[in-house]
Amino acid sequence: MKDYEFIKNEVKSLLKQERYIHSLNVEKEAIKLGKKYGEDEFKCKIAGIAHDCVKNFTNDKLYEMAHEYGINIDIIQKYSPQLMHGPVGAAYCKDKFEIDDKDILNAIYYHTTGRGNMSLLEKIIYIADLIEEGRNFQGVNELRKKAYEDIDEAILMSCNLTIEYVLQRRLLIHPLTIELRNTLILEGTNE
Ligand SMILES: [Fe+2]
Ligand SMILES: [Fe+2]
């Protein structure tokens, strides 16, 4: 794997300033969450800085790269092309940054949609992306607090927010987000 400084510089050159700052913030938040929940700090750092590396590519470029990397585009991603930046970002990280840790790649792949039975690192990146210090939306402070009390409950809250967001805007709900929500609720009933 390329070293952290290399990855950080690449990410900086790939992203607009605002998105780069967001990436630094996600890295910072992910490390904090990692400390709280006992995840490997370095994995949090790498997945955090790299998670949005292809976010500023055009939709056409994302399609092209998905094709190149042999990623299947589902109908929801066709309708909402920005959903591709997770899967394409993971393939890009493997290719250009030579990241081969499956957990880091999955955390990047699934950071937007989530999925059922996420690993701890996947959960950390998913939630760090939403609560980093630059985020400002209704309910963010509640979510920040919850993230450090009960990460699963915080993810369930974010799932609900995401679903409300897409409903209000007549967007499609990705089945992986539904799978994530269902899994969390089912797990909750077994407590
Ligand atoms: Fe993202
Ligand atoms: Fe992000």
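Ala, Val, Leu, Ile, Met, Phe, Trp, Tyr, Cys and Pro count as nonpolar, Asp, Glu, Lys and Arg as charged, and the others, Gly among them, as polar. On that basis the lining of the second largest pocket divides into eight nonpolar residues, one polar and three charged. The model is predicted. Its iron site and its two largest pockets are described below.

**Iron site**
- His22 (NE2), His51 (NE2), Asp52 (OD) and Asp129 (OD) coordinate the iron ion (ligand 2) at 2.1 to 2.2 Å.
- The arrangement of the four donor atoms is irregular because they subtend angles of 82 to 175 degrees.
- The donor residues follow the spacing H-x28-H-D-x76-D in sequence.
- Distant parts of the chain are linked here: His22 belongs to helix H2 (residues 17-37) and Asp129 to helix H8 (residues 120-131), 107 residues apart.
- Both His22 and Asp129 are buried.
- Asp52 also bridges to the iron ion (ligand 1), which lies 3.4 Å from the iron ion (ligand 2).

**Largest pocket**
- The volume of the largest pocket is about 1200 Å³.
- Its lining has 39 residues, and Thr112, Leu130, Arg135, Thr162 and Tyr165 lie nearest the centre.
- H2, H8 and helix H10 (151-168) each give two or more residues to this lining, with the largest share, seven residues, coming from H10.
- By class, the lining has 13 nonpolar, 16 polar and ten charged residues.

**Second largest pocket**
- The second largest pocket has a volume of about 190 Å³.
- Its lining residues include Tyr69, Ile71, Pro87, Lys94, Asp95 and Tyr110.
- Helix H6 (85-96) and helix H7 (102-109) each give two or more residues to the lining; H6 gives the most, with five.

Terms used. Residues are numbered from 1 along each chain as its sequence is written. Chains are lettered from A and ligands numbered from 1 in the order in which they are written. This is a predicted model: local features need pLDDT of at least 70, side-chain atom pairs count only at pLDDT 80 or more; totals for chains, interfaces and linings use all residues. Side-chain values use heavy atoms; hydrogens and water are left out. Donors are N, O and S atoms within 2.8 Å of the metal (3.2 Å for Na, K and Ca); water is not among the atoms, so sites may look incomplete. Four donors count as tetrahedral if all angles lie between 85 and 135 degrees; four count as square planar and six as octahedral if opposite donors are over 155 degrees apart and all others between 65 and 115; anything else is irregular. Helices (H or I, at least four residues) and strands (E, at least two) are DSSP runs, numbered from the N terminus. Buried means under 20% relative accessible area, exposed over 50%, partly exposed in between (1.4 Å probe, protein chains only). On a 1 Å grid over the protein atoms alone, a cavity is a set of points where a 1.4 Å probe fits but cannot get out, and a pocket is an open set with protein on both sides within 12 Å along at least five of seven lines; lining residues have an atom within 4 Å of a point. Grid points are joined across faces, edges and corners, and a volume is the space filled by probe spheres set on the points.
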